[in-house]
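Welcome to this guided tour. Please open the structure in your viewer and keep the selection tool at hand.

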Amino acid sequence: MILKFLMVLSALLPLAAAAQGGLSSGVIGRMDNVEIRVFREAELTTRGQLSGSGTISMPLIGAVRIEGLTTDQAAAAITRKLADGFLVKPEVSVSIEARIRRTVTVLGQAQRPGVFELPAHRRLTLVEAIGMAGGVTRISNPKKISLKRGSGRVETVDLSAITTGKGTDIVLRDGDVITIPESLF
């Protein structure tokens with residue numbers, strides 16, 4: 001019964017977002033378009049795209065870094081800045097108007113290699129991304145997976161260590177490339 005309710009609810013969530021004009025909550029990504037409203041202060045309403053450094057400029061307080069924060073965390077950060085000498089008990093809401101598609105790529109010895117979208121409302125880990133790609137093939141070498149970050153830095157990851165609890169799973173970022181090599185018998 002609960003599962004059926006959750007399935008119906010998950011089907012209705014996109015409809016609720018559309019009814020609100022597409023505004024949503026969740027983790028704010030690089031270059032997303034956001035809307036910031038301050039209750040009873042219409043002149044402080046700010047809409048726009050985050051800069052490449054993850055900030056948005058607001059009247060009174062200037063640039064505020066909100067990339068990587070949830071909409072609630074961003075509202076709290078802006079509230080603190082506005083309360084610091086500008087407004088008495090400001091009430092701030094932050095919503096995401098449009099998301100820029102954020103992806104990771106899984107290459108090599110995965111069952112279904114490809115490009116996968118990062119979820120908007122939570123973080124995606126390396127193990128989850130490989131799972132989305134159907135897991136590793138039987139001829140793969142899961143001990144020498146390479147993870148290339150957007151910065152160009154490459155690190156070798158032991159998937160076996162992570163899945164047995166001997167290693168820590170890695171949170172992925174936009175543009176990461178996971179390459180699963182073939183095992184050399």
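The expected span of a helix is 1.5 Å times one less than its number of residues. Keep that in mind for the second stop, and remember throughout that this is a predicted model.

**Stop 1: the whole chain**

Start by colouring the protein chain by secondary structure. You should find 4 helices and 10 strands. Walking from the N terminus, the elements come in the order α-β-β-β-β-α-β-β-β-α-β-β-α-β. The protein chain has 185 residues, and 35% of them are buried. If you look at contacts between residues at least 6 apart in sequence, 53% join residues at least 24 apart.

**Stop 2: helix 2**

Now select residues 71–83, which form helix 2. With its 13 residues, helix 2 reaches 18 Å from the first C-alpha to the last, close to the expected 18 Å.

Which residues of helix 2 are buried? Show the side chains of Thr-71, Ala-74, Ala-75, Ala-77, Ile-78 and Leu-82 to see them. They lie on the same side of helix 2, because they cover an arc of only 165° around the axis. Turn to the other side of helix 2 and you will meet Asp-72 and Arg-80, which are exposed.

What do the buried residues of helix 2 pack against? Add strand 1 (33–38), strand 3 (55–58), strand 4 (62–65) and strand 5 (92–98) to your selection, since these are their packing partners.

Before leaving, step just past the end of helix 2 to Gly-85, where phi is positive at about 95°.

**Stop 3: two loop residues with positive phi**

Here is a rule of thumb for this stop: most residues other than glycine have a negative phi. The next two selections depart from it.

Select Arg-40, in the loop between strand 1 and strand 2 (46–49). Its phi is near 65°, a positive value in a residue other than glycine. Is Arg-40 buried or exposed? With a relative accessible area of 71%, Arg-40 is exposed.

Then go to Lys-89, in the loop between helix 2 and strand 5. Lys-89 is not a glycine, yet it has a positive phi of about 50°. Lys-89 is exposed too, with a relative accessible area of 74%.

**Stop 4: a buried glutamate in strand 1**

Move on to Glu-35, which sits in strand 1. Glu-35 has a relative accessibility of 5%, so it counts as buried. Add Thr-46 and draw a distance between the two C-alpha atoms: Glu-35 and Thr-46 are 11 residues apart along the chain, and the separation is 5.8 Å.

**Stop 5: Ile-178 and its neighbours**

Select strand 10 (residues 177–180) and pick out Ile-178 within it. Its relative accessibility is 0%, so Ile-178 counts as buried.

What does Ile-178 touch, leaving out residues up to four places away in sequence? Its contacts are Thr-105, Val-106, Leu-107, Leu-126, Ala-129, Ile-130, Ile-145, Ser-146, Leu-147 and Leu-172. For one of these, try a distance: Ile-178 and Ile-130 are 48 residues apart in sequence, and their C-alpha atoms are 8.3 Å apart in space.

**Stop 6: Thr-103 in strand 6**

Next, select residues 103–108, which make up strand 6, and zoom in on Thr-103. Thr-103 has a relative accessible area of 18%; the cut-off for buried is under 20%, so Thr-103 is buried.

Setting aside neighbours within four places in sequence, Thr-103 is in contact with Val-115, Phe-116, Glu-117, Leu-118, Arg-173, Asp-174, Gly-175 and Asp-176. Pick Arg-173 from that list: Thr-103 and Arg-173 are 70 residues apart along the chain, with their C-alpha atoms separated by 7.9 Å.

**Stop 7: the largest pocket**

Finish by selecting Glu-67, Arg-102, Leu-172, Arg-173 and Asp-174, the lining residues nearest the centre of the largest pocket. The full lining has 21 residues, and the pocket's volume is about 370 Å³. How many residues of the lining are nonpolar, polar and charged? Colour them by type and you will find 7 nonpolar, 4 polar and 10 charged. Leu-172 may look familiar, as Ile-178 touches it, and so may Arg-173 and Asp-174, which are among the contacts of Thr-103.

Definitions and conventions. Residues numbered from 1 in each chain as written. Predicted model: local features only at pLDDT ≥ 70, side-chain atom pairs only at ≥ 80, totals over all residues. Heavy atoms only, no water. Helix = DSSP H or I, 4+ residues; strand = E, 2+ residues; numbered from the N terminus. Buried < 20%, exposed > 50% of the residue type's maximum accessible area, 1.4 Å probe, protein only. Arc of directions from axis to C-beta. Contact = heavy atoms within 4.5 Å. 1 Å grid on protein atoms, 1.4 Å probe; cavity = no way out; pocket = protein on both sides within 12 Å on 5 of 7 lines; lining within 4 Å. Points joined across faces, edges and corners; volume = space filled by probe spheres on them. Nonpolar A, V, L, I, M, F, W, Y, C, P; charged D, E, K, R; others polar.
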